Amino acid sequence: MFAALKCIIARDLTLALRHRSDVLTTVFFFIIVVSLFPLGVGPETDLLRSMAAGVVWVSALLASMLSLSRLFADDFNDGTLEQLLLTPQPLALIVFGKILAHWIISGLPLVLIAPLLGLQFGLGGDALMMLVLTLLLGTPVLSLIGAIGAALTLGLRGGGVLVSLLVLPLYIPVLIFGAGGVEATVSGMGAEGHLSLLGAMLILSLLLAPLASAAALRISVE
Amino acid sequence: MNLFKYSAPSIFYPLAGRLATGFAIAAVLLLAIGLYMSFFVAPTDYKQGEGYRIMFIHVPAAWMSMFIYLVMAAWAAAGMIWRTRLSSMMASALAPTGAMFTFIALWTGALWGKPMWGAWWVWDARLTSELILLFLYIGYMAMESAIDDPRRAARACGLLALVGVINIPIIYYSVKWWNTLHQGASIKMSESGGIESSMTEIMLWTMLIMTFACWFYTIAVALTRVRSIILERESKTVWVKEMLQQGEK
């Protein structure tokens with residue numbers, strides 16, 4: 001069973017390595033969106049520092065949403081997905097492997113590049129640390145919830161726009177506690193509560209999202 | 001009597017027609033009484049003046065907006081468990097009405113907020129979560145219209161409604177905590193504290209009648225809509241063709 005999981009992850013990672021531009025597009029989209037905000041609101045350091053967490057988090061939300069369409073679409077188009085549905089291994093496990101690989105490809109780079117962007121907005125050491133921590137806990141949740149939306153909209157016309165409509169409202173709790181944790185650190189309140197809630201969301205979505213995505217895939221491919 | 005026989009669209013269709021008429025009449029009557037009471041019978045509030053009267057539509061609409069989502073999810077769940085066609089049709093018949101009540105609640109809330117708080121919109125927990133609820137309804141309807149195959153649409157929308165209903169409490173509490181963490185807004189929410197503690201019996205009755213009017217309206221509209229959906233999806237079946245032929249004669 002876990003051999004199948006490992007195989008799926010290795011396969012998706014290999015595929016991503018062969019198409020490096022896909023990964024880079026997500027990261028550069030993230031960097032560009034974050035850089036647009038100072039241009040929009042002005043370069044005052046205090047203002048930028050107070051909105052840094054929100055800006056980075058909203059951009060991470062958008063970037064991870066953009067990459068969702070790739071999660072199942074390629075496999076769906078070349079027929080791999082149907083083969084995966086026919087395997088004796090539980091579909092939820094296979095879906096979990098795909099989500100994990102997707103997070104390593106499109107979520108982890110955002111976590112790694114985020115401190116650099118936070119630095120541009122004048123965040124201090126503790127806040128940068130917290131930004132990385134919240135993103136590390138939060139971006140997997142984004143991938144997990146997003147997988148449900150991606151599976152539901154598989155092969156639909158206008159699926160890309162539709163998936164944002166479905167998924168963004170569900171991202172709101174992650175945004176609130178992710179950005180809130182960084183802000184709480186900046187204002188010296190401590191962010192244990194935020195981190196605990198993000199962890200709780202991660203556990204809950206780890207439990208439910210693969211099952212829901214698997215059910216959605218069966219509906220879409222049927 | 002076996003109630004489950006009504007889960008067959010062909011048997012439910014005439015029943016829905018009779019029920020819809022009954023509930024529509026009841027809704028119109030209650031709405032007339034409720035509106036008369038809310039404008040002429042209910043006394044002027046000593047704090048908020050005449051402006052508080054908007055609550056007689058605002059509060060029932062807000063209740064309905066949340067309750068309809070739950071009912072919709074329950075129908076969706078029933079549709080997934082028993083694979084009955086009618087259940088998913090009921091779920092999709094309820095969605096537009098739910099979205100409408102959500103919009104009414106937001107709109108009347110803005111109209112009430114301007115004179116009371118001095119702002120059309122504040123990022124209060126209740127307002128924000130109501131707005132997110134509207135997004136959920138819109139997402140549901142958008143997905144339904146994006147899928148051409150009605151069976152796939154029904155099942156996909158059912159799953160989406162269930163995912164949404166699990167998320168609603170999470171969203172509600174995160175927005176609430178978010179709001180208490182940002183004690184920025186100077187406006188204090190005292191919608192319930194201000195009125196309901198001082199609410200007279202007549203106000204309570206008016207509100208109750210308006211709530212039931214909204215209820216009956218929802219039932220009547222949903223049943224009428226489900227009749228159209230039944231005809232649309234079953235248009236290839238014998239009973240629909242027979243019924244249409246009899247109607248033409």
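Let me begin with a definition: helices here are DSSP runs of H or I of at least four residues, numbered from the N terminus. With that in hand, and bearing in mind throughout that this is a predicted model, we can start just after helix H4 of chain A, where Gly79(A) takes a positive phi of about 90°.

The helix itself, H4(A), covers residues 69–77, and its buried residues are Arg70(A), Leu71(A), Phe72(A) and Asp75(A). Those buried residues pack against five helices of chain A, which I will name in order: H2 at 20–41, H5 at 80–86, H6 at 91–120, and then H7 and H9.

Helices H7 and H9 come up again when we turn to the contact between the chains, for H7(A), at 125–152, H8(A), at 159–186, and H9(A), at 192–221, are the elements that give two or more residues to the side of chain A that touches chain B. The contact as a whole takes 19 residues from chain A and 22 residues from chain B. On the chain A side, H8(A) gives the most, with 10 residues, and by class that side has 16 nonpolar, two polar and one charged residues.

Finally, within chain B, helix H2, residues 55–82, packs with helix H3, residues 85–117, at an angle of about 160°, their axes lying 7 Å apart. Since angles over 145 degrees count as roughly antiparallel, that makes H2(B) roughly antiparallel to H3(B). The crossing by which H2(B) passes H3(B) is left-handed, and their contact, sorted by class, has 21 nonpolar and 10 polar residues, with no charged residues.

Technical notes: Residues are numbered from 1 along each chain as its sequence is written. Chains are lettered from A and ligands numbered from 1 in the order in which they are written. This is a predicted model: local features need pLDDT of at least 70, side-chain atom pairs count only at pLDDT 80 or more; totals for chains, interfaces and linings use all residues. Axes are lines fitted to C-alpha atoms, for helices over the stretch in contact, and angles run from 0 to 180 degrees between N-to-C directions. Angles under 35 degrees count as roughly parallel, over 145 as roughly antiparallel, 65 to 115 as roughly perpendicular and the rest as oblique. A crossing is left-handed if the near helix is turned anticlockwise from the far one by less than a right angle, and right-handed if clockwise. Ala, Val, Leu, Ile, Met, Phe, Trp, Tyr, Cys and Pro count as nonpolar, Asp, Glu, Lys and Arg as charged, and the others, Gly among them, as polar. Two residues are in contact if their C-beta atoms, placed from the backbone, lie within 7 Å. A residue is buried if 20 or more other C-beta atoms lie within 10 Å of its own, exposed if 12 or fewer, and partly exposed in between; C-beta atoms are placed from the backbone.
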